[in-house]
Structure formats: structure tokens, C-alpha cells
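Visitor: I should like to be guided through this protein chain, one question at a time.
Guide: Certainly; please have the sequence and the structure in view as we proceed.

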Amino acid sequence: MIYNDKQMTMSVDVLRRDLIERRIAGRVPTDRASNINNLRALARRDPHYMFGVDIHDEWNEETLLGLMHRRVGISDNPNFDEGQDIIDPALTVSALERYAQMIRDSVSRSDAFLFATGHPSCLAWIYASLARAVRAQGCPVISLETITGSDNPVTGTTLTVAEPEPGEVRQVEGVMMRYRNGNLMHTHEPGFMEEVIGCLDATGVHPGLVVADHGWAGASGRHGYRTIGIADCNDPALFVAEAQDEVEVCVPMDDGMPPSQLQGIVRFILSRAGLKDPARA
């Protein structure tokens with residue numbers, strides 16, 4: 001069953017206060033210089049900032065700044081290069097509503113889900129909670145074992161990526177991440193998702209919804225998978241993907257917060273999606 005909202009609720013006003021108090025939105029730790037420098041790098045088509053997204057020709061500094069003002073809430077003043085910038089909490093809340101509805105719709109169809117993150121120490125906690133919740137409703141969560149047909153008894157199933165960031169794809173609590181030298185690692189690169197997509201194509205296993213961020217989400221959307229993502233105010237590529245209809249929803253929020261700061265967001269998503277995390281029930 002999908003739970004109704006009265007069984008597990010969190011109001012928009014409570015969420016908004018939580019976002020501001022925890023600096024997930026509002027006056028976030030990411031400063032204006034980082035926002036502008038990364039936006040300019042994307043305008044130059046620096047691959048590190050493209051997240052695997054096919055950035056159309058119309059996106060230059062001016063149009064990117066306008067997009068980030070509309071979708072994220074950062075200042076649209078082109079002469080503002082340093083200081084405190086913001087993520088508009090109202091835009092975060094609105095995007096989270098749509099994000100949760102996408103999950104709810106996929107659960108109602110019994111879709112298969114794929115979860116992946118470039119932020120293992122932060123966003124992985126959100127996705128692990130969602131993975132448990134959708135599994136509890138009978139929805140499959142695609143595993144590396146399923147799409148590779150193998151499971152190393154020592155390391156588990158892995159996929160290896162050589163460049164530009166070497167590492168392996170590993171899966172923890174249902175969430176795919178970059179692994180190297182004993183560590184789960186941050187990455188912007190789409191190559192890890194490209195390896196996964198190659199396996200999906202080879203096996204004919206396809207997710208109904210990809211829940212991801214960074215290059216994982218960018219590559220997924222570019223390959224035509226229904227994708228929802230999260231991005232910080234200094235990561236414009238996924239907002240471009242959303243504007244180009246390659247990503248269904250991109251939630252603007254600080255993506256570097258530890259799990260202790262993210263409980264309100266998880267509670268809100270689960271509430272709006274009509275789900276419960278069995279580990280926290």
C-alpha cells in the first residue's frame with residue numbers, strides 16, 4: 001500500500017524552516033565566487049562541469065545566469081562576483097514536491113528504480129532511505145549483480161572505469177557510487193553511469209526511474225531514462241538538463257550536508273510520496 005499523507009506528514013512551512021536553519025537552502029555555505037566560476041566553466045564547455053549533459057548552443061554566461069536565477073534563486077546581477085549568494089527555499093520546496101510526486105507515480109506503476117550518487121558521504125543517505133522505502137512497496141531496485149550477472153565473493157560486483165577519474169562502480173544500500181583504493185569517492189564524471197548504462201543495454205534491464213545527481217544523473221537523462229536529480233547552486237549542468245527536458249526534476253539545495261542535516265528532507269519526500277522507510281518506521 002501507499003500510505004496517505006495523514007499517516008506521516010511534514011508541512012511545507014516546517015520544511016522551509018528546516019532548510020533555512022540547516023543552510024540547505026537560503027544562505028548556503030556555497031559562495032557566490034563558486035557559483036559564478038562554475039557557471040563560467042560550463043559556458044566554456046569544460047567537461048568537468050558538464051556532468052555528461054549535451055549542453056545546447058544557446059547556453060552562454062548570460063543565459064546560464066538567467067536560468068540559475070529562475071531555477072535556483074541565485075542573484076542575476078552579472079557584476080556580483082563574490083560574497084553571500086542564496087538558494088531560494090521556495091524553489092527547493094517546489095522541486096521537492098515534484099521530486100516526491102515522480103517517485104510516488106513510479107511506485108504506483110511498480111517501476112524498477114536505479115539509485116546513484118556522486119556524493120557518497122551526503123546524498124547517499126537520502127537515496128538509501130528511498131531505496132528501502134520503494135523496495136518495501138514491492139518495487140525492484142536495480143543491482144549491479146542483476147545487470148552484470150556476476151558477484152565477486154571478495155569485493156562484490158564492480159564495474160571499472162579507467163578515465164578521466166579512475167575507479168569502480170560499487171553499490172551500498174542499493175545506491176551505486178564511485179569506489180577507489182578502499183574509499184567511496186565524490187565524482188562529477190558521467191563515465192560511471194555510462195558503464196552502468198552499457199550493462200543495462202546489454203541485459204535489457206531498464207529502470208523506470210533513475211534517482212541520482214552529478215554525472216550519474218546527467219548521463220542517465222542524456223540516454224533517455226526518466227531521471228530526477230539534486231544539484232547545488234554551483235552545479236548548473238543539471239538545471240540545463242532539466243530545461244532541455246532531459247531531467248524531469250532538479251532540486252536546488254546544498255548537496256554537501258552530512259546525513260544528520262538531511263532528516264527533514266527525507267521525511268518530507270517520504271511523506272509526499274506516500275512511503276515509509278522500514279528502517280525508520
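Guide: A residue is called buried when its relative accessible area is under 20%, exposed when that area is over 50%, and partly exposed in between. Please note also that this is a predicted model.

Visitor: With that definition, are the residues of strand β8 buried or exposed?
Guide: Strand β8 covers residues 249-252. Val249 and Val251 point to one side of the strand, while Cys250 and Pro252 point to the other. Both sides share one description, for all these residues are buried.

Visitor: Which residue stands opposite valine 251 in β8?
Guide: Strand β7, residues 227-231, runs parallel to β8, and four bridges join the two. The residue that stands opposite valine 251 is isoleucine 230.

Visitor: How many helices and strands does the chain have, and how compact is it?
Guide: The chain has ten helices and eight strands. Its radius of gyration is 18 Å, and the globule rule gives 19 Å for 281 residues. Because these two values are close, the chain is as compact as a globular protein of that length. Its C-alpha atoms fill a box, taken along the principal axes, of roughly 55 × 50 × 35 Å.

Visitor: What share of the residues counts as buried?
Guide: The accessible surface of the chain is about 11,600 Å², and carbon and sulfur atoms account for 46% of that surface. Of the 281 residues, the share that counts as buried is 54%.

Visitor: Of the contacts between residues at least 6 apart in sequence, what percentage joins residues at least 24 apart?
Guide: Valine 205 and isoleucine 142 may serve as an example, since these residues touch and are 63 residues apart in sequence. For the chain, the percentage is 70%.

Visitor: Where is valine 205, and is it buried or partly exposed?
Guide: Valine 205 is found in the loop between α7 and β6. Its contacts include Ile142, Thr146 and Ile147. The relative accessibility of valine 205 is 23%, so this residue counts as partly exposed.

Visitor: How does β3 pair with β2, and which residue of β3 is the bridge partner of leucine 159?
Guide: Strands β2 (residues 159-161) and β3 (residues 167-172) pair in the antiparallel sense over three bridges. A hairpin of five residues joins them. In β3, the bridge partner of leucine 159 is valine 169.

Visitor: Which residue in the hairpin of β3 and β4 takes a positive phi?
Guide: Strand β4, residues 175-180, runs antiparallel to β3, with five bridges between them. One of these pairings sets glutamate 168 against tyrosine 179 in β4. Two residues lie between the strands in the hairpin, and the residue with a positive phi, near 55°, is glutamate 173.

Visitor: Why is helix α8 described as largely enclosed?
Guide: Helix α8 spans residues 214-222. Its buried residues include His214, Trp216 and Ser220. The helix is largely enclosed by the rest of the structure because the number of its nine residues that are buried is eight.

Visitor: What is notable about the phi of histidine 214, and what is its relative accessible area?
Guide: Most residues other than glycine have a negative phi. Histidine 214, in helix α8, has a positive phi of about 50° although it is not a glycine. Histidine 214 is buried, with a relative accessible area of 1%.

Visitor: Which residues does histidine 119 touch, and what is its relative accessibility?
Guide: Histidine 119 has its place in the loop between β1 and α5. Leaving aside residues up to four places away in sequence, it touches Ala124, His186, Asp213, His214, Asp255 and Gly256. Histidine 119 counts as buried because its relative accessibility is 13%.

Visitor: Is serine 110 buried or partly exposed?
Guide: Serine 110 lies in the loop between α4 and β1. This serine has a positive phi of about 60° although it is not a glycine. With a relative accessibility of 47%, serine 110 counts as partly exposed.

Visitor: Where does glutamate 246 lie, and is it buried or exposed?
Guide: Glutamate 246 lies in the loop between α9 and β8. Among the residues it touches are Val53, His56, Arg222 and Tyr225. The relative accessible area of glutamate 246 is 16%, so this residue is buried.

Conventions
Residues numbered from 1 in each chain as written. Predicted model: local features only at pLDDT ≥ 70, side-chain atom pairs only at ≥ 80, totals over all residues. Heavy atoms only, no water. Rg over C-alpha atoms; globule rule 2.2 N^0.38 Å. Buried < 20%, exposed > 50% of the residue type's maximum accessible area, 1.4 Å probe, protein only. Contact = heavy atoms within 4.5 Å. Areas by Shrake-Rupley, 256 points an atom, 1.4 Å probe, with all protein chains shown as cover. Pairing = 2+ DSSP bridges.
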